[in-house]
Amino acid sequence: MVLQEEKSPKDLKSVWSKYGLRESPFITTPTRLLGILPIGKVFSGRENETKRLIKILTSSNTTRTLVLGDFGVGKTTFVNFIKWVLCLKEKSKSEFVTTPIEIKIQPEWNANNFLLSTLSSIHYASIIFKWEEDGMKLSSLKKIEEYVNIGTQKAIQGTFGVIGAGYSETKSIPSVISPEVYENLLTNLCLELREEGKQLIISYDNLENINSNKLADFFKTIKDYIQTEGFHSIFIGQTKCLSALEKYPQVHSVFTQPTILESLTEKNVLEILKKRCET
């Protein structure tokens, strides 16, 4: 009898299917709200941090907070779990809505980029989470869709500017759109949501993409927009990003004390692996 040496398969993902698993339980990418693994079943640890951040988000009708920590400690997964608890765990009874994925901040962002990305994410969420089918008929979503389409086209053409402009079916498409126009769209959307008994939670990732000095100026630029009633913003990054808030006291004052995440304990890691395999 000839014994044939078993070789590792070319596709490493196929290894886990032999054990009845859909993917590697050791995967290090963030657990998503709409991923293969249901975050409500595989999240573990962070009990104190979870209680604290939920208390912050539910204590007022507008909050700004940071979740900070080293690469790989699970910041994005943690924030996604918080959003799942508040927005999706009991969706019909929830007082909050959110977007499917976090918004990734880019190095050269200004107020327009921030607001347009926020509105784009909201429009996407309304489709994915079927807000209208759930009874949330928000008239501002149609206007947001129009401006998102326009803004995206202008961004591609490289013609962003900072002068005021309005748009409707009876007006010509503006050559540039001011942040105030986008702000008005966000304000109206949040107002309509509050009338429906809902508030909005959006998370922004990759703060470290922006240089610390520029990050301070960026926060100063968007300070007024993130104080919109009914709007809760969570910014995710490394602990070094905290120094950016200290540059401008007027910016620092609108943020709550940040949540600092340390590495998970060995017990938590083993619990996560067990839950992933079971799921």
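This report describes one strand with its neighbours, a loop glycine and two pockets in a predicted model.

## Strand β5 and its burial

Strand β5 spans residues 231-237, and seven of its seven residues are buried. In a regular strand, side chains point alternately to the two faces of the sheet. In β5, one side carries Phe-231, Ser-233, Phe-235 and Gly-237, while the other carries His-232, Ile-234 and Ile-236. The residues on both of these sides are all buried, and both faces of the strand are therefore covered, given that buried denotes a relative accessible area under 20%.

## Pairing partners of β5

Strand β5 pairs with β1 (residues 63-68) in the parallel sense, over six bridges. Within this pairing, Arg-64 has Ser-233 of β5 as its bridge partner.

Strand β4 (residues 199-205) also runs parallel to β5, and five bridges join the two. Here Ile-202 is bridged to Ser-233. Between β4 and β5 the chain passes through helix α8 (residues 212-222), forming a right-handed β-α-β crossover. Ser-233 is thus a bridge partner both of Arg-64 and of Ile-202.

## Gly-72 in the loop after β1

Gly-72 is found in the loop that lies between β1 and α4 (75-88). The relative accessible area of Gly-72 is 80%, so the residue is classed as exposed. Thr-29 is separated from Gly-72 by 43 residues in sequence, yet the C-alpha to C-alpha distance between them is 8.6 Å.

## The largest pocket

The largest pocket has a volume of about 710 Å³ and a lining of 33 residues. Gly-72 is among the residues nearest the centre of this pocket, together with Thr-28, Val-73, Gly-74 and Thr-77. Three elements give two or more residues to the lining: α2 (39-42), α4 and α11 (266-278).

By class, the lining of the largest pocket comprises 15 nonpolar, ten polar and eight charged residues.

## The second largest pocket

The second largest pocket has a volume of about 220 Å³. Its lining consists of 14 residues, and those nearest the centre are Ser-126, Ile-127, Trp-131, Glu-132 and Leu-141. Helices α5 (111-128) and α6 (140-157) each contribute at least two residues to this lining.

The lining of the second largest pocket divides into five nonpolar, three polar and six charged residues.

Definitions and conventions:
Residues numbered from 1 in each chain as written. Predicted model: local features only at pLDDT ≥ 70, side-chain atom pairs only at ≥ 80, totals over all residues. Heavy atoms only, no water. Buried < 20%, exposed > 50% of the residue type's maximum accessible area, 1.4 Å probe, protein only. Helix = DSSP H or I, 4+ residues; strand = E, 2+ residues; numbered from the N terminus. Pairing = 2+ DSSP bridges. Right-handed = clockwise from strand over helix to strand, strands pointing away. 1 Å grid on protein atoms, 1.4 Å probe; cavity = no way out; pocket = protein on both sides within 12 Å on 5 of 7 lines; lining within 4 Å. Points joined across faces, edges and corners; volume = space filled by probe spheres on them. Nonpolar A, V, L, I, M, F, W, Y, C, P; charged D, E, K, R; others polar.
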